[in-house]
Amino acid sequence: MSFVRRPERALVAALLIVFLPMVPAEAQRRTVITFPDSIYKGLGGAFVMYDRNADLLTEYHPAECRKRLTPASTFKILNSLIGLETGVIPDEHYVIRWDSTVYKDFPAWNRDHDLASAIANSVVWYYQELARRVGRRRMTALISHTGYGNSDASGPIDRFWLGSTLLISPEEEVGFPFSHRSVEIVKRILVLEDNGAHVLRGKTGFSDDRSGLTVGWFVGYVEKGGNVFFFACNMTTPDAARDTGRIVRERKEAALKILAALGAL
């Protein structure tokens with residue numbers, strides 16, 4: 001399936017078939033929680049969860065839930081879908097060869113990867129190459145038409161989502177749309193836990209933001225008991241030297257604690 005062979009209009013329409021139901025701009029019910037103060041312990045950030053069945057949006061730090069920051073590696077979700085939809089990669093088994101650049105801090109990156117292993121290990125170089133192969137024109141058009149955050153992919157083609165021009169808020173993280181076959185592939189590679197009682201899908205992210213903050217993300221959704229809970233959690237700091245290790249360790253743990261307290265896990 002080539003982007004050149006398919007009219008851009010048709011590809012955009014395909015992308016707009018809903019994968020994650022859009023969170024309403026004004027959910028019927030909203031609530032604010034304060035208990036995560038004991039989890040964040042001085043870090044900035046936000047948490048938002050949308051309960052589909054209850055049409056309830058739960059937020060920690062509502063103003064921060066609307067603040068746009070770099071998506072970092074959470075953009076790998078949309079990058080995967082765009083790669084699949086444009087036909088640049090056919091499925092989750094598509095291998096991109098490692099160019100022998102050694103990543104001392106990330107030894108799992110130092111080998112060939114397919115889409116499934118690249119998202120599991122958050123392999124930046126794989127997604128940078130994928131973005132280069134998609135190209136500026138297609139990437140810009142599709143991000144714009146999916147309404148992802150500020151939709152600004154004008155930064156470098158292989159890092160516009162890493163402390164550059166593309167920005168997204170926690171509220172927007174829980175509400176952007178995807179498409180059919182590609183969605184099923186990405187849903188498979190995002191599964192983190194399936195214990196019979198619930199299925200947890202998610203993706204972490206970490207980067208400096210152009211605002212001067214450093215941000216860590218954990219976003220995804222939980223399927224449980226016939227319901228779906230969409231969530232986005234971020235932790236921020238102006239002092240990366242002091243807080244980077246803590247954010248990397250605790251961003252996912254914090255989200256899981258809140259989700260459990262809210263009955264989503």
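Y126 counts as buried, at 0% relative accessibility, where buried means a relative accessible area under 20%, exposed means over 50%, and partly exposed lies in between (1.4 Å probe, protein chains only). The model is predicted, so that local features need pLDDT of at least 70 and side-chain atom pairs count only at pLDDT 80 or more, while totals for chains, interfaces and linings use all residues. Residues are numbered from 1 along each chain as its sequence is written, and side-chain values use heavy atoms, with hydrogens and water left out.

**Aromatic pairs**

Rings of Phe, Tyr and Trp (the six-membered ring of Trp) pair if their centres lie within 6.5 Å, with planes under 30 degrees apart counted as stacked, over 60 as edge-to-face and the rest as tilted. By this rule the structure holds 12 aromatic pairs. One of them joins W125 and Y126, whose ring centres are 6.2 Å apart with the planes at 55°, so this pair is tilted. W125, like the partner described at the start, is buried, with a relative accessible area of 7%. The rings of F160 and W161, in turn, have centres 5.0 Å apart and planes at 85°, so they form an edge-to-face pair. Both residues of that pair are covered: F160 is buried at a relative accessible area of 0%, and W161 counts as buried at 2%. F160 and W161 also belong to a cluster in which ring pairs link them with F75 and Y148.

**Helices α6, α4 and α7**

The protein chain has 10 helices and nine strands, taken as DSSP runs (H or I of at least four residues for helices, E of at least two for strands) and numbered from the N terminus. W125 and Y126 are among the buried residues of α6, which also include V124, Y127, Q128, L130, A131 and V134. This helix is mostly covered, as eight of its 11 residues are buried. The buried residues of α6 pack against the helices α4, α5 and α7 and against the strands β4 (95–96) and β5 (113–114), with contact taken as heavy atoms within 4.5 Å.

Helix α4, one of these packing partners, spans residues 76–85, and 10 of its 10 residues are buried, so this helix is largely enclosed by the rest of the structure. The buried set of α4 includes charged and uncharged side chains alike, among them K76, N79 and E85, as well as I77, L78, L81, I82 and L84. In helix α7 (residues 136–146), the buried residues are R138, M139, A141, L142, I143 and T146.

**Residues with positive phi**

A glycine with positive phi follows each of the three helices just described, and two residues other than glycine also take positive values.

| Residue | Phi | Place |
|---|---|---|
| G87 | near 80° | follows α4 |
| G135 | near 90° | follows α6 |
| G147 | near 70° | follows α7 |
| D55 | near 50° | loop between β2 (44–51) and β3 (56–60) |
| H61 | near 60° | loop between β3 and α3 (62–65) |

Of the two loop residues in the table, D55 counts as buried at 16% relative accessibility, whereas H61 is partly exposed, with a relative accessible area of 32%.

**The largest pocket**

The largest pocket has a volume of about 700 Å³, and of the 28 residues that line this pocket, S73, S122, K203, T204 and R251 are the closest to its centre. A pocket here is an open set of points on a 1 Å grid over the protein atoms alone, where a 1.4 Å probe fits, with protein on both sides within 12 Å along at least five of seven lines, and lining residues have an atom within 4 Å of a point. The volume is the space filled by probe spheres set on the points.

At least two lining residues come from each of α5 (115–120), α6 (124–134), β6 (191–194), β7 (198–208) and α10 (240–261). Strand β7 gives the largest share of the lining, seven residues. By residue type, the lining divides into 15 nonpolar, eight polar and five charged residues, with Ala, Val, Leu, Ile, Met, Phe, Trp, Tyr, Cys and Pro counted as nonpolar, Asp, Glu, Lys and Arg as charged, and the others, Gly among them, as polar.

**The chain as a whole**

Of the 265 residues in the protein chain, 54% are buried. Among the contacts with a separation of 6 or more, 66% are between residues 24 or more positions apart. The chain exposes about 11300 Å², and carbon and sulfur atoms supply 52% of this area, which comes from the Shrake-Rupley method with a 1.4 Å probe.
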